[in-house]
Amino acid sequence: MSFNGPVRIEPGAIQGVVPYLKENGYRKAAIVADDRTYEVAGKRIGDAANSAGISVTTTLILPDRQGDVIADEASLIQLILELRQEASEIVIAVGSGTLHDIARFSAYAVGIPFVSVPTAPSVDGFNSVGAPLILRGEKKTIGAIGPSAIFADLDILTKAPSEMIAAGFGDMLGKYTSLFDWKFGSLAGGEPYSEEVADRTRRALQQCVDHCDEIGSRSLQGIEILTRALIESGFAMLQFGQSHPASGAEHHLSHYWEMELLRSGRRQVLHGAKVGISCGVISDLYHRLAEEEPSLFPVEHRETILKAIRDIPDGNRLRELLAKVGGPTEPDRLGIEPELLERSLREAHHIRPNRFTLLRAYNERR
């Protein structure tokens with residue numbers, strides 16, 4: 001898969017949205033946002049588009065009973081119906097990960113493109129083609145479309161809530177274990193692998209770790225580095241055609257926790273916050289397995305796998321990095337009690353049965 005559209009990551013990038021619409025001949029656009037992201041960026045885009053003679057309709061996605069905007073059937077139907085009713089020609093996703101997932105699937109469902117306008121550097125999925133959706137209470141990633149253009153305005157992103165910036169850093173930190181699981185799956189499970197794409201993801205991760213202090217201080221440079229890394233991780237997934245470079249057992253734990261919170265009627269937690277914490281949990285487990293259960297690793301690849309585990313920072317180091325950017329570091333900070341944590345470590349590998357992670361090998365060992 002390739003991406004040929006413009007990517008603007010700079011102060012004032014939002015000003016490029018309407019010229020892009022005009023240059024490509026769009027006359028009827030739809031903005032999808034929530035109450036907050038509409039005030040942050042959606043209203044400005046809508047006003048500018050109307051002034052330029054482009055008809056704009058705005059869909060504010062309604063929250064669920066817990067007050068969360070989630071990418072479930074209700075949100076999808078809300079947007080799809082309005083897109084069809086208004087005969088919209090393009091969708092402008094104004095928000096963070098969940099709003100992008102709602103927009104990308106809805107645009108795909110009605111056969112029109114969408115434009116990405118992130119309002120917080122919180123996830124690496126802005127330019128993904130997969131839409132993680134909650135369908136009948138279960139988390140499923142459905143193939144859809146990527147954006148035709150990305151306008152990441154650093155004036156907006158530097159003012160994002162601190163917890164969302166920390167979540168974006170946590171989503172990047174998760175690449176430590178996702179890259180290992182991808183390598184492990186290729187050696188022990190015959191999964192497809194690309195060293196070129198792995199290196200691309202690794203460089204983006206290292207940029208974030210090297211500039212952890214700037215990200216934590218929310219400097220312009222730090223937020224630009226984090227945003228570019230998140231988008232680069234998305235491009236790595238596009239290049240490979242699957243989510244392997246950026247999603248392993250740490251994401252499976254995160255999805256498991258998300259579904260449990262939904263089932264029990266509790267408020268949702270930021271995706272990247274869950275991923276950052278679960279990365280530390282998985283790192284602790286994998287380092288322990290390297291010492292105590294080396295028989296999990298095929299003999300012919302054992303040394304390669306053991307070295308790859310040694311290259312993962314230990315859980316304490318990962319938690320130090322999360323603390324530096326002001327993010328939560330322990331599961332209980334997210335309401336993940338010990339019983340749920342233990343259960344997720346036993347069962348989360350079932351969420352992606354097509355992935356051969358070390359967590360899966362550990363749970364399926366004879």
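How many bridges join strand 5 to strand 8? Two bridges join strand 5, residues 114-118, to strand 8, and the two strands run parallel. This report describes a predicted model, beginning with its sheet and moving on to its helices.

## The open sheet

Strands of a sheet pair through backbone hydrogen bonds, either parallel or antiparallel. In this model, six strands form an open sheet with parallel pairing, in the order 1-8-5-4-2-3. Strand 1 and strand 3 (55-60) are the edge strands, each of which pairs on one side only. On average, and with direction ignored, neighbouring strands of this sheet are turned by 15° against each other.

Individual pairs of residues show how the strands are matched. Four bridges, in the parallel sense, connect strand 1 (residues 7-10) with strand 8, and I9 has A152 of strand 8 as its bridge partner. Where strand 5 meets strand 8, V115 stands opposite A149. Elsewhere in the sheet, strand 2 (residues 28-33) and strand 4 (residues 90-95) also pair in the parallel sense, over four bridges. There, A30 is matched with V91 in strand 4.

## Strand 8 and its two faces

In a regular strand the side chains alternate between the two faces of the sheet. Strand 8 has both of its faces covered. On one side lie A149, F151 and D153, on the other lie I150 and A152, and all of these residues are buried. Because five of the five residues of strand 8 (residues 149-153) are buried, the strand is largely enclosed by the rest of the structure.

## Helices packed on the sheet

Helix 4 (residues 97-110) lies across strand 2, strand 4 and strand 5, and runs at about 170° to strand 4. Helix 3 (residues 73-86) packs on the sheet as well, where it touches strand 2, strand 3 and strand 4. The direction of helix 3 makes about 165° with that of strand 3.

One residue of helix 4 may be considered in more detail, namely T98. Its relative accessibility is 31%, so T98 counts as partly exposed. Leaving aside neighbours within four places in sequence, T98 is in contact with V69, I70 and A71. T98 and A33 are 65 residues apart in sequence, while their C-alpha atoms are 9.9 Å apart in space.

## Helix 12 and its partners

Helix 12 comprises residues 271-292. At 1.5 Å a residue, its 22 residues should span 32 Å, and its end C-alpha atoms are 31 Å apart, which agrees. Of these 22 residues, 16 are buried, so helix 12 is largely enclosed by the rest of the structure.

Two packed helices are described by the angle between their axes and the distance between the axes. Helix 12 and helix 13 (residues 302-310) pack at an angle of about 140°, with their axes 10 Å apart. The two helices are therefore oblique to each other, and helix 12 passes helix 13 in a left-handed crossing. On helix 12 the contact is made by Y286, H287 and A290, and on helix 13 by L306, I309 and R310.

With helix 14 (residues 315-324), the axis of helix 12 comes within 8 Å, and the axes cross at roughly 165°. Helix 12 and helix 14 are therefore roughly antiparallel to each other, and the crossing is right-handed. Helix 12 contributes G276, I277, C279, G280, V281, S283 and D284 to this contact, while helix 14 contributes G315, L318, R319 and L322.

## Other buried regions

Is helix 6 mostly covered or mostly uncovered? Helix 6 is mostly covered, with ten of its twelve residues buried. Among the buried residues are M164, I165, F169 and L173. The twelve residues of helix 6 (residues 162-173) should span 16 Å at 1.5 Å a residue, and the end C-alpha atoms are 16 Å apart, which agrees.

In helix 15 (residues 338-347), the buried residues are L340, L341, R343, S344 and L345. Their cover includes helix 11, helix 12 and helix 16 (358-363).

A loop residue can also be buried, as S247 illustrates. S247 is found between helix 10 (220-240) and helix 11 (249-263). With a relative accessible area of 10%, S247 is buried, because the cut-off for this class is under 20%. Not counting residues up to four places away in sequence, S247 touches S178 and R355.

Key
Residues are numbered from 1 along each chain as its sequence is written. This is a predicted model: local features need pLDDT of at least 70, side-chain atom pairs count only at pLDDT 80 or more; totals for chains, interfaces and linings use all residues. Side-chain values use heavy atoms; hydrogens and water are left out. Buried means under 20% relative accessible area, exposed over 50%, partly exposed in between (1.4 Å probe, protein chains only). Two strands pair if DSSP finds at least two bridges between them. Axes are lines fitted to C-alpha atoms, for helices over the stretch in contact, and angles run from 0 to 180 degrees between N-to-C directions. Contact means heavy atoms within 4.5 Å. The expected span of a helix is 1.5 Å times one less than its number of residues. Angles under 35 degrees count as roughly parallel, over 145 as roughly antiparallel, 65 to 115 as roughly perpendicular and the rest as oblique. A crossing is left-handed if the near helix is turned anticlockwise from the far one by less than a right angle, and right-handed if clockwise.
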